[in-house]
Amino acid sequence: MHLNSTTTQILNGDPNASGNHRKNLIQSLEGSLKRLNTDYIDLFWLHAWDFTTPIEEVLRSLDDIVRQGKVLYIGISDTPAWIVSQANTIAQYQGWTQFVALQIEYSLIQRTPERDLLPMAKALDLAVTPWSPLGGGVLTGTYNQPPQESSEQGRLVNPAFGTISERNLAIAQVVSEVATEIGHTPSQVALAWLHAQNGVIIPIIGARKLTQFQDNLASLNITLSPEHLQRLNQVSQIELGFPHDFLQSDVIRDRLFGGTFNTIKNHRI
């Protein structure tokens, strides 16, 4: 069972009705337990860091509800990597409950978590559950189809994400091409790519129809070839930026490892 620490109804003008602080966290938990008629929640998500509540208050509040038996495990969503790292480090040395899962936006459309969030999850052994794995529907190939009754401008506007960029359409086009080659749907290819990424456990799918749900589940039976993975990686590639690109350069690796980098097998690199 996945619940979050934000109330279902946000009351305008009431700072106690939302946010990461202890009062809202406890209110949200108790309300959910009552509505669900249960004694405990398996996995309790803290969604969207508010940048105002002290991290120690959040951690101690979460540890309290775990020790009370109302929550078994805690996860965190939509939060910068440095905050998650700080939180689990503090929790470790205080003997408090640590986050075991990370929820992030991640797909062929959105690969920026590869800069810090995904390496952090790997280092801290956090399970990763990506949301919007189909890029708000762009990776289904829908927006690459010729316009019908709607205008071209309307066709390229996604209700959830706004105007669709040419880059995203190019990514979706390659996804559709790979799908045609292997006899599967674009959605299945996009999800299969996610399954192939280290550390990704369960993408959060948002199907509105049973047929879409069944189509998404079928992606578990697909293993993309190295050639297809390379094409998908290439069209969606991002710049990691500093210091990642700097540290991955051949010159720096030669200096760090004395020219022996290619002979080293280590899960950290």
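The paragraphs below go through the nonpolar core, one helix and the aromatic pairs of this predicted model. Residues are numbered from 1 along each chain as its sequence is written, and side-chain values use heavy atoms, with hydrogens and water left out. Because the model is predicted, local features need pLDDT of at least 70 and side-chain atom pairs count only at pLDDT 80 or more, whereas totals for chains, interfaces and linings use all residues.

The largest nonpolar core (buried Ala, Val, Leu, Ile, Met, Phe, Trp, Tyr and Cys residues joined through side-chain atoms within 4.5 Å; buried means under 20% relative accessible area, exposed over 50% and partly exposed in between, with a 1.4 Å probe and protein chains only) has 57 residues, and among those that touch the most other members are Phe 44 and Leu 102. Helix 6 (residues 166-182) gives the most to this core, with seven residues; helices (H or I, at least four residues) and strands (E, at least two) are DSSP runs, numbered from the N terminus.

Helix 3 (residues 81-94) has buried residues that include Ile 83, Val 84 and Ile 90, and its buried residues pack against helix 2, strand 3, strand 4 and helix 4. Gly 95, which follows helix 3, has a positive phi near 75°.

Three aromatic pairs are counted, where rings of Phe, Tyr and Trp (its six-membered ring) pair if their centres lie within 6.5 Å, and planes under 30 degrees apart count as stacked, over 60 as edge-to-face and the rest as tilted. One of them, Tyr 106 with Trp 193, is tilted, at 5.6 Å centre to centre and 50° between the planes, and links parts of the chain 87 residues apart. Tyr 106 is buried because its relative accessible area is 1%.

Definitions and conventions: Contact means heavy atoms within 4.5 Å.
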